[in-house]
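Me: I've got the chain open on my screen and I'd like a close look at one part of it. Could you start on the outside, work your way in, and tell me what sits around the part you end up at?

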Amino acid sequence: PLTPASKCEIHEGVMANASSALDAAEAALHGLVSSSKKEVEDRQRPISRAEIQKMEKKIEEVYNVNQNIEPFEKYEIGKIPFFDRSSSTEKGRFRVRDAREFAPESMRRKPDTEDGVMLLVGEKVGGKEELTITIMFDRSLFTEHEASVWWRLNKMRFVPIAPDC
């Protein structure tokens, strides 16, 4: 833990390495405060082309992973709310899959077995299997929370569930 004495050492180190009080404040705000002289020197050294390429590859890997994730998975990891932003006051929409991957001529609405639930289904481009793309909930019958509970109880009907190992 930081003691009053160590806080002073950090502050003095920032001031000694900064060209002005403004630079010191910016360094502190951006998390560049360090009591280690080696860490400060490492930040100031030029980055090699190989290091830049390695960082770019990592960024691309993260980007590609996020691009290949289905909308329902984005909801489940907390990246998006349950109802899609295209929802209205009458219909709450939950996107299961990305509609751009489906042949538009194959898409159709289909009532679910439960009142107040409508499915948008279709076939992926070049595919033959009918899959659910979006689940629409009648907001007069389902709150967003109730719809998310419904999803947890019915998810296995729409997406394969990985077995717990």
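Reply: Starting on the outside, then: Ile-47, Ile-52 and Met-55 make a nonpolar surface patch of about 270 Å². Keep in mind that what you have on screen is a predicted model. Met-55 belongs to helix 4, which runs over residues 49-67. With a relative accessible area of 43%, Met-55 is partly exposed. As a general habit, nonpolar side chains in soluble globular proteins tend to be buried together. So much for the surface patch; let's get our bearings before going in.

The chain has six helices and four strands. Read from the N terminus, the order is α-α-α-α-α-β-β-β-β-α. There are 165 residues, and 27% of them count as buried. The chain exposes about 12100 Å², with carbon and sulfur atoms supplying 55% of that area. If you take the contacts with a separation of 6 or more, 45% of them come from residues 24 or more positions apart.

The part I'd zoom in on is helix 6, and a handy way in is Ser-148. You'll find Ser-148 in helix 6, which spans residues 144-154. Is Ser-148 buried or exposed? Its relative accessible area is 5%, so it is buried, the cut-off being under 20%. Setting aside residues up to four places away in sequence, Ser-148 touches Tyr-75 and Phe-82.

Now look at the whole helix. Ala-147, Ser-148, Trp-150, Trp-151 and Asn-154 are the buried residues to pick out in helix 6. Why do they end up on the same side of helix 6? Because they cover an arc of only 155 degrees around the axis. Turn to the other side of helix 6 and you get His-145, Arg-152 and Leu-153, which are exposed. As for what covers the buried residues of helix 6, the list includes helix 5, strand 1 (91-95), strand 3 and strand 4.

That leads straight to the core. The largest nonpolar core has 17 residues, and the ones with the most contacts inside it are Phe-82, Phe-94, Ile-135, Phe-137 and Trp-151. Helix 6 is among the elements that give two or more residues to this core, together with helix 5 (71-76), strand 3 (117-123) and strand 4 (130-138). Two names should ring a bell here: Phe-82 is touched by Ser-148, and Trp-151 is one of the buried residues of helix 6. Ile-135 is worth clicking on too. Neighbours within four places aside, Ile-135 is in contact with Trp-150, Trp-151 and Phe-158, and also with Gly-92, Arg-93, Phe-94, Val-96, Val-117, Met-118 and Leu-119.

Tyr-75 has another partner you can check. Ile-80 sits in the loop between helix 5 and strand 1, and beyond its neighbours within four places it contacts Pro-71, Lys-74 and Tyr-75. At 32% relative accessible area, Ile-80 is partly exposed.

Next come the charges. The structure holds seven salt bridges. One of them joins the side chains of Lys-155 and Glu-76, at 2.8 Å from N to O. Lys-155 is in the segment after helix 6 and Glu-76 is in helix 5, so this pair ties together parts 79 residues apart in sequence. Lys-155 counts as buried, at 19% relative accessibility, whereas Glu-76 is partly exposed at 38%.

The segment after helix 6 has a second one: the side chains of Asp-112 and Arg-157 meet in a salt bridge of 2.3 Å, N to O. Asp-112 lies in the loop between strand 2 (108-111) and strand 3, so its pairing with Arg-157, in the segment after helix 6, ties together parts that are 45 residues apart in sequence. Here Asp-112 is buried, with a relative accessible area of 12%, and Arg-157 is partly exposed at 41%. Elsewhere, salt bridges with shared partners join Arg-108, Lys-110 and Glu-130 into one network.

Last stop is Arg-95, which pairs with Asp-84, their closest N and O atoms being 3.0 Å apart. Arg-95 is in strand 1 and Asp-84 in the loop between helix 5 and strand 1, so here the parts tied together are 11 residues apart in sequence. Arg-95 itself is partly exposed, with a relative accessible area of 30%.

Terms used
Residues numbered from 1 in each chain as written. Predicted model: local features only at pLDDT ≥ 70, side-chain atom pairs only at ≥ 80, totals over all residues. Heavy atoms only, no water. Buried < 20%, exposed > 50% of the residue type's maximum accessible area, 1.4 Å probe, protein only. Contact = heavy atoms within 4.5 Å. Core = buried A, V, L, I, M, F, W, Y, C linked by side-chain atoms within 4.5 Å. Arc of directions from axis to C-beta. Patch = residues over 30% accessible without salt bridge, like charges linked within 9 Å, V, L, I, M, F, W, Y side chains within 5 Å. Areas by Shrake-Rupley, 256 points an atom, 1.4 Å probe, with all protein chains shown as cover. Salt bridge = Lys/Arg side-chain N within 4 Å of Asp/Glu carboxyl O.
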